[in-house]
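Reader: I am new to this structure and would like a close look at a single part of it. Could you take me carefully through the cysteines, and then through the place where the ligand is held?

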Amino acid sequence: MIQVTKTFLPPQADYQAQLQKAWDQGWVTNRGTLVKELEATLQDHLQSPPLLAMTNGTLPLQIAIKALGLTGEIITTPFSYVATTSSVVWEGCTPVFVDIHPEYLTLDETLIEAAITPKTTAILATHVFGNPCHVTVIEAIAAKHGLQVIYDAAHAFGVTYQGKSIFHYGDVSTCSFHATKLFHTGEGGGVFCKDSELYQKLFYHHNFGHEGQEAFQGLGINAKMSELQAALGLAVLPYMPQIVGHRKKAVTFYQEHLSQYTTLKLREGTQWNYAYYPIIFDSEALLLTAQERLNALDIYPRRYFYPSLHTLPYVSGPDMPVSQSVSERILCLPLSHDISEEIQAQIVNTLTA
Ligand SMILES: *Cc1c(COP(=O)(O)O)cnc(C)c1O
């Protein structure tokens, strides 16, 4: 069975070697040496701002909203994974959707200002499929209206924009290290934050508000990454060039053989990570036919992202025609660190028959 992605698993010996450090110290969580080593290694590998490892990629979003003290309305994208929207609602804020750009698929920055009200406190945008939002315009709008900016960069591990790690942009940037993401720790995630005061707030929030064993700095939750998760991350990380290299080759194959299909338009100035290969059909009916044909070959692409998040049962607001239309017609093709050219040829032949 070929899925939309496949989790990269390092040789068990590599994982064992990392785990040995936890065993030697009899220490499996509460920010031991492995979590600290993972944070330092990732920051160096990515040339990113300081990061705080967490146990998944959803809590960083919720904790960012909390740490920034956001209330009222948060402008966000309807074309993302459900966690982007659910985090806003979970934190007691109201998501105000702004439609996406039809080619870049990121929040359409030209529509943001019209959605700002006196209740707006922030913009939460997704670098969808690793494609950077128009960060320059978003930053200018945020500065003009006194808004905070959070980027959900769950798909953007390793992406650089205008020569800098994508995690430099926004007041806070979050990532997921889930097993289906490009880099993973099984379950896992992190926040990236340049501002040391805000970083400290994020830190307290992610560990019950603890300041030492007996003092508390406000409200917290438990979002700590365990040593076991960090060990897996440290075992995966050295393979990233290989993983991305194979994906780049696979993407090139799709590009060459599926040129009649619309795919993601990357923003100029982006060094991409080859995390996803979406194609957009002319109609949902054509998508469903292609999906059925591929499924018959035991190949399972995914409808990322469907449905458009403005249709979730716990949100409201105006129609989002672009997101609605794209979400009905977009399919992510299988892509992984070891997808074979034979399988890709089957996919391509099915889609071009
Ligand atoms: C995967 C994902 C998340 C959530 O990450 P988890 O690690 O699964 O909690 C959030 N936002 C986006 C855009 C994602 O794709």
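Author: A disulfide is counted here when two cysteine sulfur atoms lie within 2.5 Å of each other, and such a disulfide is a covalent bond between the sulfur atoms of two cysteines. The model is a predicted one, and it holds zero disulfides. Cys 133 is in no disulfide, since the nearest cysteine sulfur, which belongs to Cys 175, is 14 Å away. For Cys 193 the closest cysteine sulfur is again in Cys 175, at 15 Å, and because a disulfide needs the two sulfur atoms within 2.5 Å, this is too far for a bond. Cys 133 counts as buried because its relative accessibility is 0%, and Cys 193, with a relative accessibility of 2%, counts as buried too.

Turning to the ligand, we find it in the largest pocket, where 15 residues surround it, and the closest of these are Gly 57, Thr 58, Asp 152, Ser 176 and Lys 181. Sorted by class, this shell is made up of ten polar residues, three nonpolar ones and two charged ones. Some of the contacts can be followed atom by atom. Gly 57 takes part through its backbone, a polar atom of which is 2.7 Å from an oxygen atom of the ligand. Asp 152 takes part through its side chain, where an N or O atom is 2.7 Å from a nitrogen atom of the ligand. His 155 also uses its side chain, placing a polar atom 2.7 Å from an oxygen atom of the ligand. Of the 380 Å² of accessible area that the ligand has on its own, the protein covers 92%.

Note on methods:
Residues are numbered from 1 along each chain as its sequence is written. This is a predicted model: local features need pLDDT of at least 70, side-chain atom pairs count only at pLDDT 80 or more; totals for chains, interfaces and linings use all residues. Side-chain values use heavy atoms; hydrogens and water are left out. A residue is near a molecule or strand if one of its heavy atoms lies within 4 Å of it. A polar contact is a pair of N or O atoms within 3.5 Å; within protein, one must be able to donate a hydrogen and the other to accept it, and residues adjacent in sequence count only if both atoms are side-chain atoms. Accessible areas come from the Shrake-Rupley method with a 1.4 Å probe; for residues, only the protein chains shown count as cover. On a 1 Å grid over the protein atoms alone, a cavity is a set of points where a 1.4 Å probe fits but cannot get out, and a pocket is an open set with protein on both sides within 12 Å along at least five of seven lines; lining residues have an atom within 4 Å of a point. A molecule sits in a cavity or pocket if more than half of its atoms lie within 2 Å of its grid points. Ala, Val, Leu, Ile, Met, Phe, Trp, Tyr, Cys and Pro count as nonpolar, Asp, Glu, Lys and Arg as charged, and the others, Gly among them, as polar. Buried means under 20% relative accessible area, exposed over 50%, partly exposed in between (1.4 Å probe, protein chains only).
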